[in-house]
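Reader: Please take one part of this model and go through it closely. Start at the metal and work outward. Short sentences are fine.

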Amino acid sequence: MPRTLIAPSILSADFAKLGEEARAMVAAGADWLHLDVMDGHFVPNITFGPDAVKALRPMTKLPLDVHLMIAPVDPYIAAFAEAGADIITVHAEGAPHLHRSLQTIRTHGKKAAVALNPATHESALSYVLDDVDLILVMSVNPGFGGQSFILAQLAKIARIREMIGRQPIHLQVDGGVTPENAQAIVEAGADCLVAGSAAFRGGPSAYADNITALRTAAANASSIIA
Ligand code: DX5
Ligand code: ZN
């Protein structure tokens, strides 16, 4: 089984020292940095925009994985691409012209990704599988860190893994991921885990151990991906 990617979400970082936090998480062994963009409209919280992505870009060569929880989303894709995002995720629920949004991301030379809220059926992906590099399953309702993993999403992850088959599409899970549930999530079919609270708890001196705990749990998963 390929190594599970760990993408800490800086939503749980100390916003007064975002640059230091990002550097510390990179040094601790993160694979990607997950940046949660919220608009107070599509989700009931507000975080940051393209300028923060631009400010973080020089901190690392690791992929910046930008999760856009905003609507409308199309008018902002170019700004996030130019700010240095490597992966840009749009929500199926926030992008009425999802196919166009995904094409726009690829037109900017970025990896295109689609996210599904917990109540959204995986059939929303049926006609965009050729247009995505990553599928994000939200395992909490988007907006806040520190929520509990919604167990019903395990079945959805498994069904999406079947839909992906051998196509080169990452399956990412975001929300309530911990060392306690990481094995089950990877066994269901995820290959990329986003972790906010579980990655940032305890401050910078704990980050390496936090990532190791997630990695170890993920590595315990019995293989379903050939
Ligand atoms: C929620 C965000 C998540 C969140 C994960 O809307 O998309 O990335 O930060 O945080 P935890 O791991 O604390 O659930
Ligand atoms: Zn996220």
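Author: What follows starts at the zinc ion and then turns to strands, helices and core.

This is a predicted model, so local features need pLDDT of at least 70 and side-chain atom pairs count only at pLDDT 80 or more, while totals for chains, interfaces and linings use all residues. Residues are numbered from 1 along each chain as its sequence is written, chains are lettered from A and ligands numbered from 1 in the order in which they are written, and side-chain values use heavy atoms, with hydrogens and water left out.

First, the metal. Four residues supply the protein donors of the zinc ion (ligand 2): His34 through NE2, Asp36 through OD, His67 through ND1 and Asp174 through OD. They lie 2.0 to 2.3 Å from the ion. Donors here are N, O and S atoms within 2.8 Å of the metal (3.2 Å for Na, K and Ca); water is not among the atoms, so sites may look incomplete. Around the zinc ion, 6 donor atoms subtend angles of 66 to 169°, which makes the arrangement octahedral. That label requires six donors with opposite ones over 155 degrees apart and all others between 65 and 115. For comparison, ideal angles are 90 or 180 degrees for six octahedral donors.

Along the chain, the donors of the zinc ion follow the spacing H-x1-D-x30-H-x106-D. One pair links distant parts of the chain: Asp36 sits in strand E2 and His67 in strand E3, 31 residues apart. Strands (E, at least two residues) and helices (H or I, at least four) are DSSP runs numbered from the N terminus. Asp36 is buried at 4% relative accessible area, and His67 is buried at 0%. Buried means under 20% relative accessible area, exposed over 50%, and partly exposed in between (1.4 Å probe, protein chains only).

Next, the strands. E2 and E3 pair in the parallel sense over 6 bridges; a pair needs at least two DSSP bridges. Met38 has Met69 in E3 as its bridge partner. In E3, 6 of the 6 residues are buried, so the strand is largely enclosed by the rest of the structure. Leu64, Val66 and Leu68 cover one side of E3, and Asp65, His67 and Met69 the other. E3 also pairs with E4, again in the parallel sense, over 3 bridges. There, Asp65 is the bridge partner of Ile87 in E4. E4 is likewise largely enclosed, because 5 of its 5 residues are buried. Ile87, Thr89 and His91 point one way from E4, and Ile88 and Val90 the other.

Helix H3 (residues 74–83) comes next. Ile77, Phe80, Ala81 and Ala83 are buried in it. They span an arc of only 155° around the axis, which puts them on the same side of H3; the arc is taken from the directions from the helix axis to the C-beta atoms. Pro75 and Glu82, on the other side of H3, are exposed. The buried residues of H3 pack against E2 (33–38), H2 (50–56), E3 (64–69), E4 (87–91) and H4 (98–107). Contact means heavy atoms within 4.5 Å. Gly84, just after H3, takes a positive phi of about 115°.

Past E4, Ala95 lies in the loop between E4 and H4. At 3% relative accessibility, Ala95 is buried. Not counting residues up to four places away in sequence, Ala95 touches Val73 and Ser101. Ala95 and Ile70 are 25 residues apart in sequence, yet 9.0 Å apart in space, C-alpha to C-alpha.

Last, the core. The largest nonpolar core has 65 residues, and Met25, Leu35, Ile135, Ile157 and Leu193 have the most contacts inside it. Helix H8 gives this core the most, with 5 residues. A second, separate core of 12 residues includes Ala7, Val140, Cys192 and Val194. A nonpolar core is a set of buried Ala, Val, Leu, Ile, Met, Phe, Trp, Tyr and Cys residues joined through side-chain atoms within 4.5 Å.

Conventions:
Tetrahedral: all angles 85-135°; square planar, octahedral: opposite > 155°, others 65-115°.
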